[in-house]
Amino acid sequence: MTKGFFLLTLFLILFLNLNAQSVITGNVTDSKGDKIAYASVYVKPSFAGTTTNTEGYYKLETTPGKHTLICQYLGYKLFKKEIELSTTPLKIDIRLEPESFALNEVVIKEGAEDPAYPIIRKTIAKRKYYLHEVDGYTCGVYIKGLQKLTKYPEKFMGQVVDFGGLVDSTTGIFYLSESVSEFSFRQPDKIKEEMISSRISGNSRAFSYNKASDMLFNFYENRLMAEGVSAKGFVSPIASDALFYYRYKLLGSVIENDRLIHKIEVTPKRNADPVFRGVIYIADDLWRLQNVDLYLTRDAGIEFIDTLRVRQTFVPVSNTVWMTSTNRFDFSFRILGFVGGGNYVGYFSDYKINPDFARRTFTSEILRINNDANKMNVAYWDSVRPIPLTVDEEDDYRKKDSLQMIRESKHYLDSIDKRVNKFSVQNFFLLGYTYQRSYNKMTYSIKPIFNTIAYNTVEGWNVALNTDYTKYFENKKRIDADGEVRYGLSNKHWNANASFRYLFNRFNESSIKVQGGTTVIQLNSENPISPLVNSLYTLWGEKNYMKLYEKQFGKVEYGKEWFNGFNADISAEYGRRNALNNTSETHWKDYKNLSYTSNNPLLPGENTLLFEPHNYALMTLDMTYSPGVKFITRPDRKIRQESAWPKFNVTLRKAFPNLLQSKTDFLSFAAGMRHQIDFGMLGYLDYRGDFFTFIDKKQVYFPDNFHFNGNLTWFTNFNLSTFGYLDYYAYSTVNNASALHAEYHLNRFITNKIPYFRKLKLNEIVGFHFLHVKGLPEHYELTIGLEKFGIARVDFVQSYSGRSKPWFSFRCGLMIIGRQ
């Protein structure tokens, strides 16, 4: 027994010693005592490391024993110190001396190139090697994100700006988050990330949206993409064609750690090119990046933010391989009176180069957030955080976390609702009215009055009351219900309908929807003309483009993602349709050569019904498939990413005759494909092709025909499948048809070279649209347009429809309204 106790004690001592950790803390300052933020601190031979916070403080954990403590930062001499560590915490303050980058006296003759150019050429020659230097790796990733508002208006769009305490009144911090992940990469583009822990200031229930892949700003790539900042990306200073875009200047060289390091300034040859400005540090002989300090301005084409600064530090993870240690993004913005900025810092550690990955390491799932990721306590974060928090950040966590229980209480939420739920006649007319009960996660809203009053020649002036109800449950489950009551003043007729949708699985988007009632709708179910535009053209232009019919119906629909990338919805509908005639001829301007057409698009000059009243029974199957879809699994739902492959769709519609006196009898088939091809700096091509046919057409009524999104007005939403100038129903058919739509977005390739347009940041778009319907002349269009921020757009349209001469017209509109 004594022997066993002795062995057990010995085992515990050895185990504790093997797992003991030494802690080093300290401050990093310059020769004047000023703190140095985000300096890299690590030890050899383990290469365990950390980074100082914005106050210059660092904390590093490693194993006891002899080590070399190293600290480096841009523009300062490398700090090295031999240390021996025990389990007793050690405090070592580091003072960095400014590096003196010596520039040997070089006489540059007129027309000769700067000494930086030979260095850059050698670095460009090694770019591909370093891009593919390792076949794969794993590492730990810590990310901290901070966003601030430094100034904002008292009122915005007539509403008092009140963030309810979410913006710190002293620091301006409105978002602070941290995450710790394990990240894996394999050439050329396979990634897998597991988020182990997540923390958001003031919201312990939420999960961070940090992604390690977003921090992989790799300057060895020719083009660096920044989603949400620019559509076409930016040229790396060491890209294969960088010499076409950049000027280089050698600022100096210095011996560091027995290696010559060159400091080179990079500037754009043309201000409007999508390129960086700043400084890069290149190691001689290796011809690789050691440090990067670059920034972008609005001249480079960034959108929504004013500046973006990128700082990277590379450290050796083995005797031959250097990898990113820290990656920091700083940004500032000024939008509609809101001024602020922030930063995101990624710290990469514990690299394992070229590991043996398990067979199922890389799948369609690129990120999984563990269910307990937001359950970690403060002690855990203090132990794993490689970059210490600043005083402001600690205060933000302390204030907002302590206030979270208050903000989630029924009393507090009811007080907020009481203020928000106040009724205003002005807001009701322009914005509608919303009544919310935040504690119960419920909202009820009424759409604005100005958007529910319209005019058409069938109903005359009509007014509708549109309401929406939403109720949220745990795990993002949701109930959506909406209702409409509508009255036509000319035809003196009421219509009312409602729908109910229950979304009960956010991982495969399973939902069931029930709807029914009576409604007046357009003959083309995709609603090619909006009520507002139709009202304006009808009253002012005496052109009543909207054609309507009435139906009483009931419909049940079920849909979900059956496997990754494949969605299918099936619906069954039964109802009765009634054709309608015009009942009103009101107009505000009378044109001698114009008069209203009938509600029958086949006989526009005769006031006859388009079809006889009939019952119908219809079943529809909609299927879409996107190969290669990548996704993120969060604890409460699945988030799908856009696939680089084409998206395919198939729609089958079967009408059943003699079912409850149904008269419709047909089977239709439609199939299509949509794809976007990215050409980098040269923009991207967005195209889709569709084919339509009736397999069986014993009894088809006009609403069941294939209809195409025509347009005869100046206004459009620029949906890719919308034609610029095409009659709404002239090509409606039961015959075979096909359509092709293509738009090439040049991403300011031309306008960037025109001074005035350069400032406006207008993107160019050229398009081609084609329609073939058996038995009718082929219709095709050529378009040239300009768009801003992907929201507002103007097009010049040249269309042909079997005429000897083309038709020219202009189109304008907002691309965010009614897009598909």
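A residue counts as partly exposed when its relative accessible area falls between the buried class, under 20%, and the exposed class, over 50%. Lysine 654 has a relative accessible area of 26%, so this residue is partly exposed. The structure is a predicted model.

Lysine 654 has a charged partner. Its salt bridge runs to aspartate 665, with 3.9 Å between the closest N and O atoms. Lysine 654 belongs to strand 36 (residues 647-655), while aspartate 665 belongs to strand 37 (residues 665-678). The two residues are 11 residues apart in sequence, so the pair ties together separate parts of the chain. Aspartate 665 is buried, because its relative accessible area is 13% and the limit for that class is under 20%. The bridge thus joins a partly exposed lysine 654 to a buried aspartate 665.

Elsewhere, shared partners build a network. Glu178, Asp382 and Arg385 are joined into one by their salt bridges.

Across the whole structure, the search returned 38 salt bridges. One of them pairs the side chains of arginine 309 and aspartate 293, with an N to O distance of 2.8 Å. This pair also links distant parts of the chain. Arginine 309 sits in strand 20 (residues 307-316) and aspartate 293 in strand 19 (residues 288-297). The separation in sequence is 16 residues. Arginine 309 is partly exposed, because its relative accessibility is 32%. Aspartate 293 has a relative accessible area of 17% and is therefore buried.

A further salt bridge connects arginine 478 and aspartate 480. The closest N and O atoms are 2.8 Å apart. Here arginine 478 and aspartate 480 are both buried.

Aspartate 480 leads on to serine 499, since the two are in contact. Serine 499 is part of strand 29 (residues 493-505). Its relative accessible area is 10%, so serine 499 is buried. The side chain of serine 499 also makes a polar contact, at 2.7 Å, with the side chain of aspartate 482. Beyond its neighbours within four places in sequence, serine 499 touches two stretches of the chain: Asp480, Ala481 and Asp482, and Lys513, Val514 and Gln515. Asp482 thus appears both as a contact of serine 499 and as its polar partner.

How values were computed. Residues are numbered from 1 along each chain as its sequence is written. This is a predicted model: local features need pLDDT of at least 70, side-chain atom pairs count only at pLDDT 80 or more; totals for chains, interfaces and linings use all residues. Side-chain values use heavy atoms; hydrogens and water are left out. A salt bridge is a side-chain nitrogen of Lys or Arg within 4 Å of a carboxyl oxygen of Asp or Glu. Helices (H or I, at least four residues) and strands (E, at least two) are DSSP runs, numbered from the N terminus. Buried means under 20% relative accessible area, exposed over 50%, partly exposed in between (1.4 Å probe, protein chains only). A polar contact is a pair of N or O atoms within 3.5 Å; within protein, one must be able to donate a hydrogen and the other to accept it, and residues adjacent in sequence count only if both atoms are side-chain atoms. Contact means heavy atoms within 4.5 Å.
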